[in-house]
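Work through the exercises below with the model open beside you. Try each task before you read its solution.

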Amino acid sequence: YINSTNINITIILKDNIDIKLFIISNDNNLTINDTYSLGEYSSLILSKFYNNKETKETTIVYLNGKNSSITSNFSSISNNLDTYNLKIYHDNSDTKSVISNKSIGLDNSKIDFIIDSILPKGNTNCVMDQTTKILTLGDVDAKISPNMFIEEDSTEARHGSVISTFNEEEIFYLTSRGIPKEEAIYLLIKGFIFSNLDLDMNNKAIILECINSIRR
């Protein structure tokens, strides 16, 4: 998204379609409404990185077809106010959703994740996995709401949520090897952001520039 403010996107995957999609947004004040609808035996691997002035995003995923699946890997740097509302509807049997969110909260930022995984009765053998982790650098108002609405017994469901600062033991290990503390934190930020994304060299360079801006 380049010089964007309002994004409205609908992507429909027909039966037997596999898509890998990478989205990047930097320095925008952004409102996003995106919808993904997946047919039978279709899969979406969605990777995203945001470093915006402000973000308000609502994403809806419909797993309509049997054996449809989504893997969503999201990393971000939060500078001000970021709100993410993700809803995944498991509307058929043997569907799978794997959601991983990683966010760095800078001082005086606010981050709010709301993730709803919804499974009606009768849709059997589904997998629902949510993981959200927020690392804070300073005074950050962070909130995670990991919701699973499950009406079917034959379901594999997992969720994990963490809000924390950087591990002091990791920082101590790096500083004990002669790395200044500021540089140690920078290295940990890089590892945290990149570990969630599968990138080509061009996109990696763009994200690295965003991370470098934290130190300026």
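The exercises cover strands, a cavity, aromatic rings and a helix residue.

This is a predicted model, in which local features need pLDDT of at least 70, side-chain atom pairs count only at pLDDT 80 or more, and totals for chains, interfaces and linings use all residues. Residues are numbered from 1 along each chain as its sequence is written, and side-chain values use heavy atoms, with hydrogens and water left out.

**Exercise 1. Place strand 6 among its partners.**

Task: Find which strands pair with strand 6, and the sense of each pairing.

Solution.
- Start with the element itself: strand 6 covers residues 69–78. Helices (H or I, at least four residues) and strands (E, at least two) are DSSP runs, numbered from the N terminus.
- Next, check its cover. Nine of the 10 residues in strand 6 are buried. Buried means under 20% relative accessible area, exposed over 50%, and partly exposed in between (1.4 Å probe, protein chains only).
- Now look for bridges; two strands pair if DSSP finds at least two bridges between them. Strand 4 (residues 43–51) runs parallel to strand 6, with eight bridges.
- Strand 8 (residues 96–105) is also parallel to strand 6, and 10 bridges join them.
- Finish with one residue. Threonine 71 in strand 6 stands opposite isoleucine 45, and its bridge partner in strand 8 is valine 98.

**Exercise 2. Describe the largest cavity.**

Task: State the volume of the largest cavity and name the residues nearest its centre.

Solution.
- Fix the term. On a 1 Å grid over the protein atoms alone, a cavity is a set of points where a 1.4 Å probe fits but cannot get out; lining residues have an atom within 4 Å of a point.
- Fix the volume. Grid points are joined across faces, edges and corners, and a volume is the space filled by probe spheres set on the points.
- Count: there is one cavity of 30 Å³ or more. The largest cavity holds about 130 Å³.
- Read the lining. It has 14 residues, and Lys48, Glu57, Thr59, Leu86 and Asn101 lie nearest the centre. Strand 4, strand 5 (54–63), strand 6, strand 7 (81–90), strand 8 and strand 9 (110–119) each give two or more residues to this lining.
- Sort by class: eight lining residues are nonpolar, four polar and two charged. Ala, Val, Leu, Ile, Met, Phe, Trp, Tyr, Cys and Pro count as nonpolar, Asp, Glu, Lys and Arg as charged, and the others, Gly among them, as polar.

**Exercise 3. Compare two stacked pairs.**

Task: Find which parts of the chain are linked by the pair of tyrosine 62 and tyrosine 89, then do the same for tyrosine 84 and phenylalanine 113.

Solution.
- Rings of Phe, Tyr and Trp (its six-membered ring) pair if their centres lie within 6.5 Å; planes under 30 degrees apart count as stacked, over 60 as edge-to-face and the rest as tilted. The whole structure has six aromatic pairs.
- Tyrosine 62 and tyrosine 89 are stacked, at 5.3 Å centre to centre and 15° between the planes. Tyrosine 62 is in strand 5 and tyrosine 89 in strand 7, so the pair ties together parts 27 residues apart in sequence.
- Tyrosine 62 is partly exposed at 30% relative accessibility, and tyrosine 89 is partly exposed at 23%.
- Tyrosine 84 and phenylalanine 113 are stacked too, at 4.9 Å and 25°. This pair links strand 7 to strand 9, 29 residues apart.
- Tyrosine 84 is buried at 5%, as is phenylalanine 113 at 2%.

**Exercise 4. Locate phenylalanine 192.**

Task: Is phenylalanine 192 buried or exposed?

Solution.
- Phenylalanine 192 belongs to helix 2 (residues 181–194).
- Its relative accessible area is 7%, so phenylalanine 192 is buried.

Definitions and conventions
1 Å grid on protein atoms, 1.4 Å probe; cavity = no way out; pocket = protein on both sides within 12 Å on 5 of 7 lines; lining within 4 Å.
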